[in-house]
Amino acid sequence: MEKIVLIDGHSILNRAFYGVPDLTNSAGLHTNAVYGFLNILFKILEEESPDYLTVAFDVKAPTFRHEIYKEYKGTRKPMPEELRQQVPALKEVLTAMGIKMMEKAGLEADDILGTLAKKAEKEGMEVSLVSGDRDLLQIATDVIKIRIPKTKGGKTEIEDYYAADVKEKYQVTPTAFIELKALMGDTADNIPGVPKVGEKTATELMVQFGTLENLYTHVDEVGKKSVRESLINNKELAYLSKTLAEINVDSPLDFSFEEARVHDFYTEEAYVVFKKLEFKNLLSRFEKGISNDSIIAGFQMVSGLPEAEEVFGKALESGGEVGFAILKDSTIKNNSSKGGKTGGFAGIALGFDSGRCFFIQCTGLVTEEYLRGKMAEVSSCTKLCCGDIKGAYDYLMCDDTQRFFDVILAAYLLNPLKNDYTIADVANEHLGLMIPEQAQRFGKASLLEALSQKPEEFTQYACFLAYVALKAAPVLREKLDEAGMLTLMNEIEMPLTYVLYDMEKEGILVKPQELKAYGEALTGRISELEQKIYKEAGTEFNINSPKQLGEILFDKLALPGGKKTKTGYSTAADVLEKLAPDHIIVADVLEYRGLAKLKSTYAEGLSAYIGEDNRIHSTFNQTITATGRISSTDPNLQNIPMRMELGRQIRKVFIPKEGCIFTDADYSQIELRILAHMSGDGQLIDAYRMHADIHRITASQVFHIPFDEVTDLQRRNAKAVNFGIVYGISSFGLSQGLSITKKEAAEYIEKYFATYPGVKNFLDKSVKDAREKGYVTTLFGRRRPVPELSSSNFMQRSFGERVAMNSPIQGTAADVIKIAMIKVHQRLKKEKLASKLILQVHDELLIETKKEEADKVQLILEEEMSRAAQLSVRLEIDLHEGNDWYEAK
DNA sequence: AAACTCACG
DNA sequence: ACGTACGTGAGTTTC
């Protein structure tokens, strides 16, 4: 028997929209609903393998049936903008996939679907009708199956209804379902229904009387008086509702089943559209369809020394750029293999302009050392491009990044919002090429396992890395240039890769015994507090569990504070701090938490990263943050305690090596200074020229008080406002920060803006720019897209506004310190100093300084950091030195 | 894997 | 009316 699948377009799109978290492509187009729709579509197609397929749409609501009863229209909420823009996108996708669509002015999708379903039934087909709402249940029969997808926790399950299933679940036949609905009404569909009759009463009535006709014939038999009267008084309404609820299964439609016949959906056109929408999971469906055969034909594995020599010779002679990839497992430093070198090394891939690519396997005479030597030679005189160059420097020789180009880094600059960046992604987005991800090819196998198990697949993979790097480089350069970020790339990000590589390699020396002792010193107090808390609570429980803690505090002990999070009570510090003065147990919990954090995250956490050289080699990531900052992982050395004295003590275990001291330099209020510069606000610029405590000046100017009479409270408030401005001010946020009312906060903000009108102007302009262009930029051209601004959700939109205000400031600060790092690193090298830059903490640089170089290092830091950008205010530096990190801050 | 909490700038 | 300050990473519990 032939089979047709009919889909209710708007209804499924709507379901998908609310069931799939927000997604946007890099052009800022929302795509979650289309994505969800396609997932449902593919699932259905896989299950049903139909012969025919049609998607029906309403032309626009409200239509035909609703027009009859105008008074009730307009209860439907307007479609959110994020959803509206996805309707044409979906139609584009379906068109590209060659899927038949039906829509007709004056007809609702329901009518089209109903009509087609009945038509197909008559032709002797099986019918699957997919819709998000239950209206369609009325046309279920023994061959017409209604399918209702439900998204439960990310998984889509589909409920199926044949006529019998409707009867089972709703106790009425599909035909009676119409009248059931007429009685109870449906606000979403503008069906009035009979007052006083809800779902329960309606079901009872239909079970008892079977039809509306019969109900009114025997209306006096209705038991409940109020219901009986309502039925009698609203007879007309009931029949009108029936008209509204009934799907027209005999609509005038030109339809030929042949047009709806299913064929290959994975067309070129569809591929292009999927790529535009950035559905990379779905793109894998095209792999069979689109062939990379002609590219792969140029790939080759090389295992012998003479052949390797030949390939390297080719690289050295190549006039143009060469793509390469180092095939090694990513460094795993976090397990107990302390200071562990890298994982397995499989070899090196090289790609040439001709399209010829070679995977040179590390085997026999072709040793790792040989390859390293050859790559060093090649890198010292050839233009090279790759992905993740920081991870390749171990195999390159020269620290002059001029000849290098990192396509991953370029992809990050073009869209810094993504979670990860892979060569396969770059191929998809920038070359329109489909290549499988590593995991897809080899699963969880290590590289060496993959090589031995699937050598041909591996060769293909390795060569693709080099091929894509080479082919994508000019494309990315062009895109960066268009976006005004080529200089940022060449002058800041690329040179920085080598600085970060050096910092990682250098690491920072720690005192392992001291760190251990610090942790052990905490243990006593922790168990003391643990026992005390159990006693105060009257029971033992897991203090680390917010769930259990919340129940103890707010249920068992009935402390005031109520709910806050989705899952239960909030036990966050700011909530507990309000209770602490009145309840010893809360104060104890807070102290316990503080100590437990220090012990687990820092004392024990850091210990696991100490290498055989007694140094910790963190990883500095350059493609993580949305604003341009770098991040530090494994371990994170950018969040070592500082604010509280006890935590700060941990810094005493970070020490310079023998013969060295630490020199630490940090920018003084770099973000506020950048704000002063970017806004050009005269008053704020002058404030900085006064060369005094900026928060006190702000207080003095905003509150119109002589500088010397500013109280500590006023200074504190002004400081909070300054912070707030940088974060993208909102009265609510400020009120939280200062524990004052929203109204008071709003007054502060108003006064601040009255004092510094240039700042207000600048922030407004940032938001306006972001709305118009879809992104904001830093002083050095770095972009951050702000797709949230086009959201119809108040919260998301407000977030977008704050992002638009904050990112240029935070991002410019990130640019500035990156420049400083490059310059400092260069100077140290140029002046042949042995001192090393080892850490960056956003506005701070730490140098392990040879004692005899201390003065020079201070001078270099001072000069290069303050010179990193020429602003209309000075960039001031605070310099410290010490015999450990604690002393040097 | 997600939620919560908390460390830093 | 809505319910948040901006940017990160890691440890723990819980599903």
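I will go through how the protein in this predicted model meets DNA strand C and then DNA strand B. Because the model is predicted, local features need pLDDT of at least 70 and side-chain atom pairs count only at pLDDT 80 or more, while totals for chains, interfaces and linings use all residues. Residues are numbered from 1 along each chain as its sequence is written, chains are lettered from A and ligands numbered from 1 in the order in which they are written, and side-chain values use heavy atoms, with hydrogens and water left out.

Let me start with strand C. DNA strand C is surrounded by 35 residues, the closest being S545, A626, S631, F794 and R802, where near means that a heavy atom of the residue lies within 4 Å of the strand. The surface near DNA strand C takes seven residues from α36, which gives the most; helices here are DSSP runs of H or I with at least four residues, and strands are runs of E with at least two, numbered from the N terminus.

Turning to polar contacts, meaning pairs of N or O atoms within 3.5 Å, the side chain of S631 places an N or O atom 2.7 Å from a phosphate oxygen of DNA strand C, and the side chain of Q548 does so at 3.1 Å.

Now to strand B. Around DNA strand B there are 22 residues, with T571, K597, M642, R643 and D843 the closest, and 78% of the atoms of DNA strand B that come within 4 Å of the protein belong to sugar and phosphate. A phosphate oxygen lies 2.7 Å from a polar side-chain atom of T567, whereas R629 brings a polar side-chain atom to 3.1 Å from a base nitrogen of DNA strand B.

Key
A polar contact is a pair of N or O atoms within 3.5 Å; within protein, one must be able to donate a hydrogen and the other to accept it, and residues adjacent in sequence count only if both atoms are side-chain atoms.
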